[in-house]
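Could you walk me through this protein, one question at a time? I am new to reading structures.

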Amino acid sequence: MKKCPYCSAEILDDAEFCLYCMRQLSDKTAVKNKTLKPYWPFALIGTLLALLTCAIILLILNGGKNTPSGHSSINKNSTMILSSLNPPTSEENIEINSENISGENQTFNNNSVEASTPHTNKNDFDSAHTESTTNENSSTTDDGKTDDPPSSPIIDNSSNGERVDESSSEQASSTPTPSKKEEPTKPTWEVKAVDGGVEITGIENYNATGSYEVPSQIDGKTVIGIGLQAFYYEQDLKSITLPDTLKYIDEQAFANCNSLTEIIIPANVTEIKSNAFMSCRQLTRVYIKSGKVTIANYAFSNSYQRNVTLTIYAPSSVMDKFTALSYDAEYVEWNG
């Protein structure tokens, strides 16, 4: 225990406000850690770029070396042009087979076989070219119409590549797919077990609206209290609905909730402890339904801790004008 430097009252060692004179004992100072700019990502990126460049160069060099000399890619037109420009003599024989061509994916059609036949002049070349063109267009019918390509079979992956008909595929596509089960919503509140049930100790999952409703039961246990500093410095808390099962509101439960504008205290609440609503700068209305609640002397903040005028609505058995004046608040008799 230590003493307040202003009123000499005994207070807790880690207290930030005096519970008797309501003065602040220490200021919170936000310390920003100065972080150094990391340079290692730039060094890592530079190293990766250098390695990538070296790999590309090696691939280019190896690709040139692995290409067999004298075996270039042979197509129909290039072979026929070469044969026309360089007609072989009668003593030379040009043989093209699969062993002289590297690569498993290179194939020859009828036109490439014709390239092995020597052409002695340009007329021979033209006639061979005309004949190859005729062979390519041989699939055209006499009436000028071309045969439609056969439709590719529909392959069902689940049947090991077996052919299935279109009707079965349409039936499979029309079958509705089961919808995914929605994941259960996570609990919103942090709780603590106490005698008679549980008390709320904080918010686990926040929402964008800032409005919350405390349930009467959590995991089958009755919510009977709002714990110590449960919503301390919750700046985004705008409104909250408390359950009828609530019996007490602990110290500094809603302290410094500067966005909270009004609150309703349920009828079963029997105790509102000291500084429960301390420094709620926008709190304008407090509705107290309980006619047998004990309110601590410093339960609500004074005018210098608020930016608005506070009005307390309560039964005359728990509040009057003089008691409201101790909080620099106005009083209106209200019986719920």
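Here are some short questions with their answers.

This is a predicted model, in which local features need pLDDT of at least 70, side-chain atom pairs count only at pLDDT 80 or more, and totals for chains, interfaces and linings use all residues. Residues are numbered from 1 along each chain as its sequence is written, and side-chain values use heavy atoms, leaving out hydrogens and water.

Reader: How many helices and strands are in the protein chain?
Author: Let's start with how they are defined: both are DSSP runs numbered from the N terminus, with helices being H or I of at least four residues and strands E of at least two. By that rule, the protein chain has six helices and 17 strands.

Reader: Is Thr311 buried or exposed?
Author: Thr311 belongs to strand 16, which spans residues 311–314. Buried means under 20% relative accessible area and exposed over 50%, with partly exposed in between (1.4 Å probe, protein chains only). Because its relative accessibility is 12%, Thr311 counts as buried.

Reader: Which residues does Thr311 touch, not counting those up to four places away in sequence?
Author: Touching here is a contact, meaning heavy atoms within 4.5 Å. With sequence neighbors up to four places away set aside, the partners of Thr311 are Thr284, Arg285, Val286, Glu330 and Val332.

Reader: What share of the 336 residues in the protein chain is buried?
Author: We can now go from Thr311, which is buried at 12% relative accessibility, to the whole chain. Of the 336 residues in the protein chain, the buried share is 28%.
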